[in-house]
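User: I'd like to go through this model and hear the reasoning behind the labels. Could you take it one call at a time?

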Amino acid sequence: MFFYYLDLAWRSIKKTPLMSLLMVLAISIGIGITITTLNVYQLMSENPAGERSDKLVAVQLWSQGKDAWKEFNNQLTYQDAYNLRKSDVPVRQTAMFITGLALQTEDPDFVPLLESVRVTDSDFFDMFSVPFIYGKAWDKGVDTEALYQVVINEVLNKQLFSGEDSIGKTLYLDSKPYQIVGVTKTWSPSPLYFDVTTGAFKDSAQIFVPFSLAPIEEFQSWGNNQSWKRESINNYSQRLNSEMHWIQFWAEVQDDKQRDEYAQWLKRYVEQQQLIGRFDSPEAAAQLSNVAQWLELNEVVPEDNKILVGLSALFLVVCLVNMLGLLLAKFLKRAPEIGVRRAIGASRAQIFSQHMVEVGLIGFGGGVLGLVWAWVSLSLLSSRFDLEQSLTHLDTSMWLIAPVIAIFAALVAGTYPALRICSTNPSVHLKSQ
Amino acid sequence: MLQIKPILSTLMRNKSGPILLLIQIILSVAIVANASFIISERIALMDRDSGTAEDQVFNFRLYTFDTNIDLESQIQRDIRAIRDLPGVIDASTTSMVPLSGGGWSSGYTVGSSEETAKDTEGAAIYYGDEHIVNSLGVELIEGRNFYEEEILTGSPDLATHGIVSKAFAKETWGDEPAIGQIMYAGDFGEMPIKIIGVVDKLQGAWVNSSYLDNSVILNIQLVNVFTKVLVRAEVGTLAQLKEAIPATLHKDNRNRVIEGFTLISEHRKRVYRNHELMATVLSMMVVLLLLITSLGLAGMVMFNIERRTKQIGTRRALGAKKRDIISFFLVENYIICLVGGVIGGFVAVLLGQQLMSLYSLPQLDLIYPLMTVAGLIVLTTIAVILPARKAARISPAIATRSV
């Protein structure tokens, strides 16, 4: 029966090609716009930590003075990060920031490159599930007793060592020799949730060095450096002892119980710091956020995207109302024909389902065409605005979502016209024939 | 004359079609009004002038990793060498680049005594030498530039002289002349800075900050392994200077990385990208929405004509002119448009309020719904007239036929 209705629907569509085209166009443009904005929104709001989202927590401290910032800063001071690293409550933890160093190899003809480098602890790689091809992270001991060791990624390894196992080889960062201990697979979660301070949709760094080297090598911070206190910072040791916020800090907890325990530990830490005269605001406290909360807190999905998704949903409604009007007109025009069918025995349910199949077919056409529009508009936008690839590829889920929304929306819009037509009284139309 | 009464009764006889059209127009007005409001707001943001010669000025990063040299004299040699290159108008080291999205900012302490001292609004801080004003291409409107002997080298804390933007001067000292005022980089009395000049306009690096037009230029040549260099050169010479500058500087000392050549006009494009993106997507939406609404309307009119063929023929037979037939459809459309426009205007304001409370958008200006309704009337007139002309051609003889 379904295929018979499909055949009828196709004939009916062919009979009024212009009107049918208008309807497919209307729904496809609505779907196209909605899928475009939804796609960007979904890619932005994705939680890249997956099931580890609840285990990873970002630490924030209200260390500022009384009249300073009115909210938690998303980074810590060096002294707090240094103290927090000593806690034995979390399973793993890491302090980190981003810097830039000149990269050279043993080849004297190699033109030095300025590379962004993440300064972090050995736990970083396990916490954020960084996959290795060769070697592994530096030993935990290096986090306290600094060694010149480095982890690089696959791309850089290909560039410098043509992709061979480079463990044990040396590369130079700011003219200092570093020994390679690990090569990671290309890995760039999007959003880059563990460091959203300088844009959440950038690529991850290619080079990682131990955090314990920071005070020795005096790595500059390439991220945000925010001060609430007027203090003079003219050298690195003043920087390390200052109240400037510039270090990101993450911890991994096993479960909620351990998270509470860690929160208690941090509370005691704040109280302890108050005794030595820091954290003098009445609001002084610590705050833990898991990855989902962290993305929310840092508004990784910009407002503009939410507005666009909202407006495009309204846009889709307009398209549907438009289609509803056209369908109604079309179906009512066919009333005499339906009168004949009813008179020779077709039931209301049959007439209704016949029309719903037709509507569904139009919806399907609109959905497919809408996907094409979405693809066109995304590629236009990404070439025009040079957007990050991670934001403009059409997510595979959309291949399913688009036709489903389109068919569903078309069926909703088609219900009223189909009901109207199947409730016509056959005798009226038969008479006028 | 306009036959409003018979039109109204036609509308009432078959309600569902007109009601659907009404809903469509209400929603269209609400969406288009808010979207075009956001678009015009973004365009106004993007139109703001940075005050600099954006097509001439570019910056690059210079990273020296040689520890065995005197960095200060190295940087001074480098800047002199750059100024001597053909095509270069001027060059200076800087702490930040306008519209680049990153840099330095701070508030200062001003006042005549410790009790009356207060903090100024935040301002972008440019540290540079006596060439920075010319290198940026900003216009000095009061006072004077730094003298060469006033330039200090090294740490930012040493600053003694300042040139401020007009916006910052006005906000801080109101109508009092800014020249000769003192502001403090620390608490009252600490690290005094004397204002010696005012530039007409100079923006900072963050286009979404509330103090974008507040800028301060201080008399310090920064000495740091990371140095930002600002170069002003003839338009079109960047491609060749991109090669010439590293070649010249590497001849002097090879142990550095030179990269990131970017014109301020490119920074502008990048920093306003999200606004431009929003404006583009919304414009796309507005155009498509209007298109769909008018196509839908044209479709409805075509359908109505077919249904009313007999009625139209009868009217023509009874003496109605072609003009009357067209005006019948037009007036019918205007009635729906006006009712839809009024309700749509309300909905637009409601939607605007909703957006305002949820997001950081200003209040919707009433001119936008009005403009949208006006635009819709023009557009729907076209969408109605085209099919209605066909209706006007219906022969009166049709009325005499039975089917």
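Analyst: Sure. Bear in mind that this is a predicted model. Let's start with A:Arg85 and A:Asp121, which form a salt bridge with their closest N and O atoms 2.7 Å apart.

User: What makes A:Arg85 and A:Asp121 a salt bridge?

Analyst: The cut-off is a Lys or Arg side-chain nitrogen within 4 Å of a carboxyl oxygen of Asp or Glu. The closest N and O atoms of A:Arg85 and A:Asp121 are 2.7 Å apart, so the pair passes the 4 Å rule. The two also link distant parts of the chain, 36 residues apart: A:Arg85 is in the loop between helix H3 (78-84) and E2 of chain A, and A:Asp121 is in the loop between E3 and helix H4 (123-127) of chain A.

User: Are A:Arg85 and A:Asp121 buried or exposed?

Analyst: Both are buried.

User: Which residue does A:Glu358 pair with in a salt bridge?

Analyst: That would be A:Lys330, with the closest N and O atoms 3.0 Å apart. A:Glu358 sits in helix H12 of chain A and A:Lys330 in helix H10 of chain A, with their positions 28 residues apart in the chain. A:Glu358 and A:Lys330 are buried as well.

User: And in chain B, what makes B:Arg83 and B:Asp129 a salt bridge?

Analyst: The closest N and O atoms there are 3.1 Å apart, and the limit is 4 Å, so the pair counts. B:Arg83 is in helix H3 (residues 71-83) of chain B, while B:Asp129 is in the loop between strand E6 (123-127) and helix H4 (132-136), so the salt bridge ties together parts that are 46 residues apart in sequence.

User: Why is B:Asp129 called buried?

Analyst: Because its relative accessibility is 4%, and buried means under 20%.

User: How many salt bridges does the rule give over all chains?

Analyst: The count comes to 30.

User: Let's move to A:Ser221. Why does A:Ser221 count as buried?

Analyst: Same test: its relative accessibility is 14%, and the line is drawn at under 20%, so it qualifies. A:Ser221 sits in the loop between helix H6 (214-217) and helix H7 (236-240) of chain A. Leaving aside neighbours within four places in sequence, A:Ser221 is in contact with A:Phe97, A:Ile98, A:Arg239 and A:Trp246.

User: What makes A:Ser221 and A:Asn225 a polar contact?

Analyst: Their side chains are joined at 2.9 Å, and the distance limit is 3.5 Å, so the pair fits. A polar atom of the A:Ser221 side chain also lies 3.3 Å from the backbone nitrogen of A:Gly223.

User: Now the two chains. How many residues does each bring to the contact?

Analyst: Chain A brings 50 residues and chain B brings 57. Together they bury about 4,600 Å², with 72% of it on carbon and sulfur atoms.

User: How many salt bridges cross the interface of chain A and chain B?

Analyst: The rule finds 3. One salt bridge joins the side chains of A:Arg384 and B:Glu276, at 2.6 Å from N to O. There are also 5 residue pairs in polar contact between the chains.

User: Which element gives the most to the side of chain A that touches chain B?

Analyst: H10(A), with 20 residues. That side of chain A divides into 30 nonpolar, 10 polar and 10 charged residues.

Notes:
Residues are numbered from 1 along each chain as its sequence is written. Chains are lettered from A and ligands numbered from 1 in the order in which they are written. This is a predicted model: local features need pLDDT of at least 70, side-chain atom pairs count only at pLDDT 80 or more; totals for chains, interfaces and linings use all residues. Side-chain values use heavy atoms; hydrogens and water are left out. Contact means heavy atoms within 4.5 Å. Buried area is the accessible area (1.4 Å probe) that two parts lose on being put together, summed over both. A polar contact is a pair of N or O atoms within 3.5 Å; within protein, one must be able to donate a hydrogen and the other to accept it, and residues adjacent in sequence count only if both atoms are side-chain atoms. Helices (H or I, at least four residues) and strands (E, at least two) are DSSP runs, numbered from the N terminus. Ala, Val, Leu, Ile, Met, Phe, Trp, Tyr, Cys and Pro count as nonpolar, Asp, Glu, Lys and Arg as charged, and the others, Gly among them, as polar. Buried means under 20% relative accessible area, exposed over 50%, partly exposed in between (1.4 Å probe, protein chains only).
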